[in-house]
Amino acid sequence: MIIDAAGRDHRSLNEEIRKGDSDITINGCLGQRFIASGMDNVRILINGTPGNALGAYLDGADILVRGNAQDAAGDTMNEGRIVIYGNVGDAAGYAMRGGEIYIRGDAGYRAGIHMKAYSGKLPVMVVGGSCGSFLGEYQAGGMIIVLGLDKERPVVGNFCGTGMHGGRIYLRGDIEGLKLPKQVSCKKAGSDEMEVIEKYLVEFSQLFDVPYEKIADKEFHVLTPDTHNPYKQLYVQN
Amino acid sequence: MPVDFMYPEYEIARNDSRCIRCRVCERQCANEVHSYEESGNFMLSDESKCVNCHRCVSLCPTRALKIVKSDHCFKENANWNQAAIKEIYKQSGSGGVLLSSMGNPERYPVYWDKMLINASQVTNPSIDPLREPMETKVFLGKKPERIERGPDGSLRNNLTPQLELAMPVMFSAMSYGSISYNAHESLARASRELGIFYNTGEGGLHEDFYQYGENTIVQVASGRFGVHREYLEAGAAIEIKMGQGAKPGIGGHLPGEKIVGDISKTRMIPEGSDAISPAPHHDIYSIEDLRQLVFSLKEATQYKKPVIVKVAAVHNIAAIASGIARSGADIIAIDGFRGGTGAAPTRIRDNVGIPIELALASVDARLRDEGIRNNVSLVAGGSIRNSADVVKAIALGADAVYIATGALLALGCHLCRSCQSGKCNWGIATQRPELVKRLNPDMGFRRLVNLLTAWNHEIKELMGGMGINSIEALKGNRLMLRGTGLNENELGILGISHAGE
Ligand code: SF4
Ligand code: SF4
């Protein structure tokens with residue numbers, strides 16, 4: 001089904017999507033928020049720019065955006081996939097617990113904040129460009145991979161991994177000058193660690209037509225927290 | 001052991017002539033205060049560990065025990081009182097932030113106790129609730145501005161989703177994790193029986209309790225624990241937790257050692273990992289951002305459920321509520337500074353926030369002034385202790401109230417204020433299986449139903465006395481209240497006259 005988004009608000013757009021077709025193309029998308037909120041079992045191609053909270057609480061749907069996406073894409077996502085050919089705004093993948101997000105371009109501030117893994121669920125976010133500050137703040141699980149393709153500037157801004165207590169962050173290329181919080185350690189990714197993300201890198205390369213060799217031509221660093229209980233020693237009973 | 005200057009606050013008074021050495025107290029006390037001395041056949045007690053929870057006292061078959069406040073004291077000092085001195089010792093010994101639980105215990109004014117309720121005499125006769133119908137049912141949600149009719153003149157239903165409560169009281173948020181499975185079961189079953197709602201708190205919803213969904217409010221907090229589509233769909237309403245009265249401005253933090261078994265499953269985080277809910281939602285920096293979360297939840301649940309925004313009562317609460325009332329939220333829950341908690345930094349609990357009475361009155365007045373009162377319903381919480389408090393809250397403008405500490409007391413809580421230890425001897429604020437099973441949900445649920453059934457009778461009686469037969473007519477009816485011992489500012493904020501006026 002093809003939906004022309006022009007003149008539609010988010011409510012009617014979502015109602016249209018919910019009508020049951022399993023393959024949907026939205027044309028002329030212009031800032032409509034909450035697209036596919038909580039949805040499963042549907043493939044949606046979006047031409048244009050979806051608004052905030054694209055795919056919030058996503059539960060299995062597959063979303064492709066030919067354009068940029070705005071803030072809070074994949075908020076509290078549980079399952080499914082979001083692929084964005086352009087850039088994404090702030091707080092992408094907020095508290096996502098499962099599923100995958102692929103972004104060809106850059107991500108704004110606070111990407112992957114509160115990301116958590118649970119039992120069989122492992123959320124993964126791959127950012128082709130660079131990320132703003134506060135990447136992976138309070139991260140409790142899952143994997144954030146930042147490739148910094150064709151970037152001169154640092155792949156990530158300040159305060160990366162603040163309050164992080166689980167999961168991993170992979171950063172490709174030069175990370176000199178990167179300041180990390182005390183509880184996060186950083187080392188060069190070894191072959192074991194690379195093996196874990198290989199399939200996501202391959203997926204990225206295929207989705208966006210970026211030669212795999214180009215992705216693999218630089219080293220990766222991996223960030224992990226030293227503790228699952230960052231605030232343990234802070235309190236005294238009163 | 002280094003000297004820590006901490007002297008026990010209580011003494012265990014054991015009447016030796018009554019004690020039969022049955023050792024019940026020893027088995028019952030999770031704090032390991034009591035022990036048995038084999039050689040001499042007598043009971044020992046280490047009062048330094050006692051939290052005065054009365055578990056041993058209640059279960060002693062010969063009533064041989066009582067817990068008394070120790071008369072051992074620091075040299076009297078009105079400024080440096082015992083608590084102030086001890087807190088210095090604790091912090092200088094540990095370097096830690098003081099952590100407490102339950103509501104603010106300090107001597108701030110309790111305005112409920114300074115307001116009196118009206119009754120009819122001679123004119124406008126009172127109503128006997130035993131004889132005449134009285135309505136305590138309320139609907140929470142946005143109320144339409146006008147009646148709309150179709151082309152043929154028929155009424156068009158323009159009501160947004162509402163919560164229907166058989167009486168204006170609900171159980172407020174307490175997460176599974178901060179309280180036990182049996183406590184949650186008691187609350188859930190009581191809500192169903194009473195036709196009201198309980199609130200999951202931010203710890204997710206245990207799979208066994210999905211069956212009570214029609215009487216459940218599911219909460220979404222900054223950590224988003226256990227939040228997924230089915231969870232959102234399971235509840236009758238969704239509450240966004242922005243703040244909590246006991247700890248305004250700071251978040252929640254359940255330590256990894258409490259994230260075990262079903263708690264981990266329900267929160268959907270691995271065992272042993274801290275559950276950190278930071279103070280802010282990191283996607284909310286404005287009312288516009290809040291609106292976004294409200295609508296993302298509405299979209300995810302197809303506009304079938306009202307959305308509640310819960311905030312702590314703080315200095316600018318009226319302006320904040322005015323913003324929330326324009327955010328698309330259907331209900332605002334305001335939590336006063338005496339509201340309980342499973343754990344909060346002492347300094348925050350005791351010094352931050354304002355009383356719910358003042359917050360509620362000023363929010364109601366502000367929303368009326370701005371003509372947006374019907375955009376939202378108001379729920380007041382933060383230490384509602386009895387049916388008179390409920391009636392006063394409604395007269396100050398609340399549509400309904402939230403209770404939590406009162407509900408826990410009904411379940412057997414003795415307000416020992418040591419929930420943060422996780423060793424609640426009454427099976428409430430604990431996850432230890434041997435303690436949890438002390439709270440029998442069959443009895444717990446019954447006691448909750450008893451409590452609120454009794455309150456409902458009392459509410460009707462108080463209303464009848466005022467000559468009011470429907471809760472709607474009481475709502476915001478400040479003429480039914482008078483203040484005692486309040487200054488003009490206080491009366492002005494509450495919007496009531498002084499007694500005798
Ligand atoms: S902590 Fe409770 S059970 Fe233990 S001795 Fe004190 S009052 Fe008794
Ligand atoms: S819930 Fe338990 S630990 Fe908390 S105050 Fe009540 S009796 Fe004490």
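**Chains A and B, and two ligand sites**

Hi everyone, let's start with the interface: chain B and chain A bury about 3900 Å² between them, with 52% of that on carbon and sulfur atoms. On the chain B side, His282(B), Gln292(B) and Glu299(B) are the residues that lose the most area to chain A, and together they make up 17% of what that side buries. Please keep in mind that this is a predicted model.

Who takes part? The contact draws 47 residues from chain B and 40 residues from chain A. For those of you who like polar terms, there are 26 residue pairs in polar contact across the interface of chain B and chain A, both partners being at pLDDT 80 or more. Several elements of chain B each supply at least two residues to the side that touches chain A: the helices α3 (82–94), α5 (229–234), α6 (261–267) and α7 (287–300), along with strand β5 (97–100). Which of them gives the most? That would be α7(B), with 7 residues. If you sort the side of chain B that touches chain A by class, you get 17 nonpolar, 20 polar and 10 charged residues.

Now the charges. The rule finds 3 salt bridges across the interface of chain B and chain A. One to pull up on your screens is Asp40(A) with Arg229(B), where the closest N and O atoms are 3.1 Å apart.

Let's move on to the ligands. Ligand 1 has 13 residues around it, and the closest are Cys29(B), His34(B), Cys50(B), Cys53(B) and Cys56(B). By class, that shell around ligand 1 holds 7 nonpolar, 5 polar and 1 charged residues.

Ligand 2 also sits among residues of chain B, including Cys413(B), Cys416(B), Cys419(B) and Cys424(B). Met102(B), His414(B), Arg417(B) and Trp426(B) are among its surrounding residues too. What does the shell around ligand 2 look like by class? There are 9 nonpolar, 2 polar and 1 charged residues.

One last stop, away from the ligands as a topic: Phe171(B), which belongs to strand β11 (residues 169–171) of chain B. Is Phe171(B) buried or exposed? Its relative accessibility is 0%, so Phe171(B) counts as buried; the cut-off for that word is under 20%. There is a long-range pairing here as well: the C-alpha atoms of Phe171(B) and Ile403(B) are separated by 5.0 Å, although the two residues are 232 apart along the chain.

That's my tour, thanks for listening!

Note on methods: Residues are numbered from 1 along each chain as its sequence is written. Chains are lettered from A and ligands numbered from 1 in the order in which they are written. This is a predicted model: local features need pLDDT of at least 70, side-chain atom pairs count only at pLDDT 80 or more; totals for chains, interfaces and linings use all residues. Side-chain values use heavy atoms; hydrogens and water are left out. A residue is near a molecule or strand if one of its heavy atoms lies within 4 Å of it. Ala, Val, Leu, Ile, Met, Phe, Trp, Tyr, Cys and Pro count as nonpolar, Asp, Glu, Lys and Arg as charged, and the others, Gly among them, as polar. Helices (H or I, at least four residues) and strands (E, at least two) are DSSP runs, numbered from the N terminus. Buried means under 20% relative accessible area, exposed over 50%, partly exposed in between (1.4 Å probe, protein chains only). Contact means heavy atoms within 4.5 Å. Buried area is the accessible area (1.4 Å probe) that two parts lose on being put together, summed over both. A salt bridge is a side-chain nitrogen of Lys or Arg within 4 Å of a carboxyl oxygen of Asp or Glu. A polar contact is a pair of N or O atoms within 3.5 Å; within protein, one must be able to donate a hydrogen and the other to accept it, and residues adjacent in sequence count only if both atoms are side-chain atoms.
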